[in-house]
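Subject: The structure I promised you

Hello,

Here is the structure we talked about, with the sequence alongside. Have a look at it first, and then read on for what turned up.

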Amino acid sequence: MTSLLERLAQAEAAATEKAATLREQLAAAEEQLRRLSITRETLLTLSAQNEQVAGAGESGAEESVEAGKRHEPDSPVGPSGGTAALPELRGVRRQTVALLATAQQPMRVRDVVVALGQPDDRGKVESMRSRLLRLAADGWLTRCEGGTYAIASGVNGNAPAWKGSEPTAP
């Protein structure tokens, strides 16, 4: 008959082995989630580029303007008073650029969502990630190291070029 200490040691060894297995499974799941997130970002960026190309057609430009009015209904604002080549901003896009223009440092996606008063659930965060990627592709923002975002240099006349920022590739 085994002693109580021996049975305890066996149970501890079994629990340690199970924990190691679960850590490996968790690491694999996190890696899969990271890859899916990157894939989603890439697809959203490509989709936005396709919409821009399609919107450059004769009736596409009018449809893009109408779609923008439906989804982000505030009055339009362009950079430097609306006289630059950057697209106009409405609604949440406008609020997001204003927030990042006043930020002291680049912000994480979740921090932007919270700062705008939205719940930080996964859907809102992923929606904001897509929006920030589009704003970066449009030239309003810069994506910095670590997946943070900052106002693009020169957009508001005094925006700093954040260390570690890199232009978003088309």
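Let me start with a question: which side chain meets Arg93 in a salt bridge? The partner is Asp138, with N to O at 2.9 Å. Please keep in mind throughout that this is a predicted model.

**The salt bridges**

The Arg93–Asp138 pair is one of three salt bridges that the structure holds. Arg93 sits in helix α4 (residues 91–102) and Asp138 in helix α6 (residues 122–138), so this pair links distant parts of the chain, 45 residues apart. Arg93 and Asp138 are both buried.

Arg110 and Asp120 make another salt bridge, and here the closest N and O atoms are 3.7 Å apart. Because Arg110 belongs to helix α5 (residues 109–115) while Asp120 is in the loop between α5 and α6, the pair ties together parts that are ten residues apart in sequence. Arg110 has a relative accessibility of 33%, so it counts as partly exposed. Asp120, at 40%, counts as partly exposed too.

The remaining pair is Glu126 with Arg129, where 3.3 Å separates the closest N and O atoms. Both residues lie in helix α6, three residues apart, which is about one turn of the helix. Glu126 is buried, and Arg129 is buried as well.

As a general reminder, side chains of opposite charge can pair when their charged atoms come close.

**The second largest pocket**

Some of these residues come up again when you look at the pockets. The second largest pocket holds about 290 Å³ of space. It is lined by 13 residues, and the closest to its centre are Arg108, Arg110, Val125, Glu126 and Arg129. Helices α1 (4–55), α5 and α6 are the elements that each give two or more residues to this lining. What kinds of residue make up the lining? Seven are charged, three are polar and three are nonpolar.

**The nonpolar core**

The largest nonpolar core has 21 residues. Those that touch the most other members are Val97, Leu100, Val112, Leu132, Trp140, Leu141 and Tyr149. Two or more residues come from each of α4, α5, α6 and β2 (149–151), and α6 provides the largest share, with six.

Leu100 is a good place to zoom in. If you leave aside its neighbours within four places in sequence, Leu100 is in contact with Met107, Val112, Leu132, Leu141, Tyr149 and Ile151.

**Around helices α4 and α6**

Arg131 is another residue to look at, and its place is in helix α6. Is Arg131 buried or exposed? Its relative accessible area is 13%, and the cut-off for buried is under 20%, so Arg131 is buried. Not counting residues up to four places away in sequence, Arg131 touches Val92, Arg93 and Thr96. Arg93 is also the residue that forms the salt bridge with Asp138.

Ala98 has its place in helix α4. With a relative accessible area of 42%, Ala98 is partly exposed. Ala98 and Ile151 are 53 residues apart along the chain, and their C-alpha atoms are separated by 8.7 Å.

Glu88 is found in the loop between α3 (79–82) and α4. Its relative accessibility is 45%, so Glu88 counts as partly exposed. The C-alpha atoms of Glu88 and Asp138 are separated by 9.9 Å, with their positions 50 residues apart along the chain.

**The chain as a whole**

To finish with the overview, the chain has six helices and two strands. Starting at the N terminus, the elements run α-α-α-α-α-α-β-β. Of the 170 residues in the chain, 26% are buried. Among contacts with a separation of 6 or more, 42% are between residues 24 or more positions apart.

If you have the viewer open, you could begin with Arg93 and Asp138, the 2.9 Å pair, and then go on to the lining of the second largest pocket, where Arg110, Glu126 and Arg129 are among the residues closest to the centre.

Happy browsing, and best wishes!

Conventions: Residues are numbered from 1 along each chain as its sequence is written. This is a predicted model: local features need pLDDT of at least 70, side-chain atom pairs count only at pLDDT 80 or more; totals for chains, interfaces and linings use all residues. Side-chain values use heavy atoms; hydrogens and water are left out. A salt bridge is a side-chain nitrogen of Lys or Arg within 4 Å of a carboxyl oxygen of Asp or Glu. Helices (H or I, at least four residues) and strands (E, at least two) are DSSP runs, numbered from the N terminus. Buried means under 20% relative accessible area, exposed over 50%, partly exposed in between (1.4 Å probe, protein chains only). On a 1 Å grid over the protein atoms alone, a cavity is a set of points where a 1.4 Å probe fits but cannot get out, and a pocket is an open set with protein on both sides within 12 Å along at least five of seven lines; lining residues have an atom within 4 Å of a point. Grid points are joined across faces, edges and corners, and a volume is the space filled by probe spheres set on the points. Ala, Val, Leu, Ile, Met, Phe, Trp, Tyr, Cys and Pro count as nonpolar, Asp, Glu, Lys and Arg as charged, and the others, Gly among them, as polar. A nonpolar core is a set of buried Ala, Val, Leu, Ile, Met, Phe, Trp, Tyr and Cys residues joined through side-chain atoms within 4.5 Å. Contact means heavy atoms within 4.5 Å.
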